[in-house]
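Hi,

Here is the structure I promised to pass on. Have a look first, and my notes on what turned up follow below.

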Amino acid sequence: MKDFATSILALAASALPISAAQWQSEEVKGIFSHTVQDGTARLEVVCDPEGLWTPPEFHVVATDSGEFMEGDTVEVRTETETLTYPLSGGSILGEAAEEWNELIAAIETPGTITFTASGKEVILTIEGSLPANCVR
């Protein structure tokens with residue numbers, strides 16, 4: 001019985017994710033989507049590095065428990081800087097290349113990142129680097 005219990009515990013431990021905040025990526029029709037999930041917080045970075053769509057598609061969405069951020073602006077805090085961006089429909093749009101590249105530089109570095117809009121926070125601790133070049 002003791003061996004059975006040990007086997008069950010070992011199986012359960014092996015089924016747990018090694019790290020909950022690793023980037024997952026997929027490509028559909030030239031658009032790349034990179035997501036990371038940390039508990040109920042989720043971050044999605046969408047980029048069109050080849051400019052296949054008109055206009056090119058670049059945006060970031062941070063949600064918690066499936067709820068989108070609301071408001072006109074969002075503050076993005078990392079361990080080294082705080083940035084503020086316009087918020088449109090719950091997304092940070094990558095319309096201006098300089099602002100987009102600044103945001104991607106903040107997101108692609110492992111560590112804790114906090115998105116704050118209208119008094120609500122989405123906090124993620126990202127353990128791996130963004131797996132692609134999403135700069136404009």
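Keep in mind that this is a predicted model. One thing on the surface is a negative patch, made up of Glu81, Glu98, Glu99 and Glu102. Of these, Glu99 sits in helix H2, which spans residues 97-107, and it counts as partly exposed because its relative accessibility is 42%.

As for the overall layout, there are two helices and ten strands, running along the sequence as α-β-β-β-β-β-β-β-β-α-β-β. Of the 136 residues, 36% are buried.

On to the inside. The largest nonpolar core has 30 residues, and the ones touching the most other members are Leu43, Val60, Ile92, Ile107, Phe115 and Leu124. Elements giving two or more residues to this core include strands S3 (41-47), S4 (59-64), S9 (111-117) and S10 (120-126), as well as H2. H2 in fact gives the most, with five residues.

Then the charge pairs: I found two salt bridges in the structure. Arg77 pairs with Glu75, with the closest N and O atoms 3.0 Å apart. Glu121 also forms a salt bridge with Arg77, here with 3.1 Å between the closest N and O atoms. Since Glu121 lies in strand S10 and Arg77 in strand S6, that pair ties together parts 44 residues apart in sequence. Through the shared partner, Glu75, Arg77 and Glu121 join into one network. Arg77 is partly exposed at 26% relative accessible area, as is Glu75 at 29%, and Glu121 is partly exposed at 39%.

Cheers

Conventions: Residues numbered from 1 in each chain as written. Predicted model: local features only at pLDDT ≥ 70, side-chain atom pairs only at ≥ 80, totals over all residues. Heavy atoms only, no water. Patch = residues over 30% accessible without salt bridge, like charges linked within 9 Å, V, L, I, M, F, W, Y side chains within 5 Å. Areas by Shrake-Rupley, 256 points an atom, 1.4 Å probe, with all protein chains shown as cover. Salt bridge = Lys/Arg side-chain N within 4 Å of Asp/Glu carboxyl O. Lys, Arg positive; Asp, Glu negative; His and termini not counted. Charge placed at Lys NZ, Arg CZ, Asp CG, Glu CD. Helix = DSSP H or I, 4+ residues; strand = E, 2+ residues; numbered from the N terminus. Buried < 20%, exposed > 50% of the residue type's maximum accessible area, 1.4 Å probe, protein only. Core = buried A, V, L, I, M, F, W, Y, C linked by side-chain atoms within 4.5 Å.
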